[in-house]
Number of protein chains: 2
Amino acid sequence: MAVETVSAALTLKDIAREAGVSLATVDRVLHNRPGVRPDTVRRVQETIARNAFHPHVAAAELARGRARRFAFVMPTGANPFMQQIEAYLGEMSAWLSARRLSVELINTDVFDPSVLAASLETLSGDYDGVAVVALDHPGVRAAINDLVDAGTKVVTLVSDVPSSRRHHYVGIDNIAAGRTAGALVGRLVGEKPGKVAIIAGSQGLRDHAERIFGFNQVMASEFSRLDILPLLEGRDDDDRSEQLISRLLDKHPDIISLYNVGAGTQGVAKALTEAGREKQIVFIAHDLTAMTRRLLLQGTLDVAISQNPGHEARAAVRVLLSLARNEPILSEQENIRIDILMRDNLP
Amino acid sequence: MAVETVSAALTLKDIAREAGVSLATVDRVLHNRPGVRPDTVRRVQETIARNAFHPHVAAAELARGRARRFAFVMPTGANPFMQQIEAYLGEMSAWLSARRLSVELINTDVFDPSVLAASLETLSGDYDGVAVVALDHPGVRAAINDLVDAGTKVVTLVSDVPSSRRHHYVGIDNIAAGRTAGALVGRLVGEKPGKVAIIAGSQGLRDHAERIFGFNQVMASEFSRLDILPLLEGRDDDDRSEQLISRLLDKHPDIISLYNVGAGTQGVAKALTEAGREKQIVFIAHDLTAMTRRLLLQGTLDVAISQNPGHEARAAVRVLLSLARNEPILSEQENIRIDILMRDNLP
DNA sequence: CTCAAAATGAGTTGCGTACCTCAAAACACC
DNA sequence: GGTGTTTTGAGGTACGCAACTCATTTTGAG
C-alpha cells in the first residue's frame, strides 16, 4: 500500500492546463490576489485539490527571495532553562542559515511589564516573527496585539498570554504539570500519612501559580490523608531555598515529601542531604539540568518534571516559519509534552 | 546578543570572488568533484568556513530537481503501534508532496527472516532511502548491508539491527524502558511485599526480551523483597492474555503488581476488572492508544510507558532526507524518548 | 449596441544552485 | 621547446515559482 503515489510531479503549469486557465490566473488564485471571478476561483481550487497539488516549497522559497528575520525576546539573568533554550537556538545556526533565516536574541527584563511592553513595541516592522517569554499583563497583551496588527507573527514561549491574539503558544500546560507532580507525590509516598512541603519561586509567577493550583487540586481530591504545609517562597534562589528548607526539616520530623515548583533545586537538595533525609523524603522538582540529572542518578531527587527546551526552541522557530509561509502547522509535532523523568529514562 | 547575525546572505558567487576562483571551481570543491589542486581546495574550503556559508537548501533542492523515494517496510497485521506510525506517515503527505518526496509503505511479515530479507533485496536501486522494522537475524543483516552497499540510505525503526551497517536507528532503548517499568513497579507498590507478574508477547521478540531483561535487572538489584512470578507469554493477543491473567489472579491472591511487556493490554485489563482487583494492583503497560488512554483515566492502568509514534515517523523521514542530502543529523531532535504517561500528563 | 470595467492571457525576469561543455591557462616532463 | 596532462575559467541551461506588466478578451450596465 502506498501512502503517497509516485506520480510525475505536477507543477503550476499542469494545474493551469487542466483547469483551462493561464498561469497568471492560477497564481492569482493561489495568492488570493483580486481580479478573478468566483467560479473561476472555484474551478482552479478544485483542480488543485483533486490533484493534491502542493507548490514546491523550495521553488517558492527561492522565488520569494526574501530572508526572514525572527526575534526571540527572552529574560535577562541566569535562568538555566532559558539558557538551554538559547543554547539550542545557537545549535540551529547552520540549519537557519541554509534556509536564509535569522534569529536574534533580545534579552529583556520580562518580569517588568512596562519594560517588556516597550521592548516589544520597538520590534514592530523589523521582524517577520517574534517569539516571546511573556508576562500576562494588560500592557504586554496590548503590545502583542499591536505586533499582530502590524502583520508580525507572534508566538508565546514557555509562558502564555491567552488573552492576547498571539498566533500560537509553545509550552506546556502548567496546571497539568502541577497535577502530575501531585499525583506522583501521592503515589510514591505509599500508604503512610505525613506532611508535604511545597516551595516555589513566587506565587506571582503565572507558571508557578498554575503548578501550585494543579498540585493542590490533586492533593485535595485524592490524597487528603496528606497534610500540606504552607507554601514557602524561595525566589528561585539556591541559598534562600536551602535555609528555608533546613529550618522546615528541623521543625517537622514527619515530612515525607517535598515539591519544588521552580528553580533553586540545588539548595533544596543540599538541605535534604545535610539533614540526612534525602532517602526517606520523596523529592520532586522541575526541569532537567546537569544538576538535576546528577541528583536523579544519586537518588536524592525522585522525579524531575520537565519540558524539552530543545524541542521548544525548534518548535517556536518552525511555527514562526510556517506562519510566515502561510503553511499549516503540524500541531501534533509542535505540542510540548510534560516529561516525567526518572533515573532510568533519562535522555 | 544575536544568535545569528543579520548579514547580507552570501551566495556561491560571493565565495568564488572572495576565494579568487571561478564559480565552477567552488562547485567542484563543494561536491568533491575531481580536478582541483589540493591547495585550491583548501583555500575555497577556508573561505566557506570563514564566512559560515551554507548553500541555500531551497535553491539546491530545486536545481537538483530529483524527486526522492523512500520505502517504509512495516509488519503486516493489526499491531496498533505500527498502525499509528503508518497513520502519521499518512498525515505527512502534504508536507512530503510539497518537497517532492514520496513514501511508500511495504507491508511484510517481518517476523520471518527469509521473507523480510527477500523483501529488502527487491528494493535495491529503486529507493533513495529505506526505513525498516527489522528482526535481528543474519539474513536480514546481510540484506541491510547489501542495500547500504548499493548506495541506499537505511534506518532501522522501532527495532534495531546494531550489527548491520544501517546508517541510523530511530527508536528507544528497550532495556532502559524495562528498567523504567521495574523502577515504577518498585516505587508504586509501596513498602509492602508481594508477588509481581510479568506477561509478554514472546521472549523471542528482541524488544520484549530486552524489556524483560531491564525489568528483572532493577527488580533484582533494588526490589528484592518482591517475588517475581514466572513469565507468561500472551502472544500479544487479548483473549489469550485475559485467560492467562485470570488464572494467575485466582491462584495468587497476593499479587500486587502486573507488568505487560507487549500488546494485549485490553485482555489483561479485562481480567483485572473482572477479578475486581484493578484498584489494588499496580498495572503498568506499554504504548498509548485510545484504549490505554481510557484505562489510564479510569485508574485501571497506572502508567503507560510509550514511545511517540508520530515522532518516530517524522524522525525516520527527516533522517532519511538528511542522509540523502548529505546534511548533518540533529541528533538531539531525532532521539526518541521513553515517555512515562500517567493520567495527568496525557498529551 | 456601446463602452467602461473586470477578468484573463501571455510573457518576462530573477531567485541560487547543480550540472554540463568547451576553451584557455598552467603545469609537468623530457 | 615541445608535448601531453591537469587545472581552471567562462558560460549556458534548467529547476518551479513569485511577482510583475501589458495587451486582449469577456462581461455587465446603461
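**Close-up views of a predicted protein–DNA model**

**View 1. A:His31 and its partner on DNA strand D.** In this predicted model, a polar side-chain atom of A:His31 lies 3.0 Å from a phosphate oxygen of DNA strand D, a polar contact being a pair of N or O atoms within 3.5 Å. On chain B, an N or O atom in the side chain of B:Thr40 is 2.4 Å from a phosphate oxygen of DNA strand D, while for B:Arg37 a backbone N or O atom lies 2.8 Å from a phosphate oxygen of that strand.

**View 2. The protein surface near DNA strand D.** A residue is near a strand if one of its heavy atoms lies within 4 Å of it, and of the 26 residues around DNA strand D, those that come nearest are A:Leu12, B:Ser22, B:Thr25, B:Arg37 and B:Thr40. Of the atoms of DNA strand D within 4 Å of the protein, 69% belong to sugar or phosphate, and the rest belong to bases. Helix 2 (23–30) and helix 4 (57–64) of chain A, with helix 2 (23–30) and helix 4 (57–64) of chain B, each supply at least two residues of this surface; helices are DSSP runs (H or I, at least four residues), numbered from the N terminus.

**View 3. The protein surface near DNA strand C.** Around DNA strand C there are 25 residues, of which A:Ser22, A:Arg37, A:Thr40, B:Leu12 and B:Ala63 are the closest. Of the atoms of DNA strand C that come within 4 Å of the protein, 67% are accounted for by sugar and phosphate. The side chain of A:Arg28 has an N or O atom 3.0 Å from a base oxygen of DNA strand C, and a backbone N or O atom of A:Leu62 lies 3.3 Å from a base oxygen of this strand. A polar side-chain atom of B:His31, by contrast, lies 2.9 Å from a phosphate oxygen of DNA strand C.

**View 4. The two protein copies.** Chain B can be laid on chain A with an RMSD of 0.2 Å by a turn of 180° and a shift of 0.1 Å along the axis, where the superposition is by least squares on the C-alpha atoms of residues with pLDDT of at least 70 in both. The two copies are thus related as by a two-fold rotation axis.

**Notes.** Residues are numbered from 1 along each chain as its sequence is written, and chains are lettered from A and ligands numbered from 1 in the order in which they are written. Local features need pLDDT of at least 70, side-chain atom pairs count only at pLDDT 80 or more, totals for chains, interfaces and linings use all residues, and side-chain values use heavy atoms, with hydrogens and water left out.

Note on methods. A polar contact is a pair of N or O atoms within 3.5 Å; within protein, one must be able to donate a hydrogen and the other to accept it, and residues adjacent in sequence count only if both atoms are side-chain atoms.
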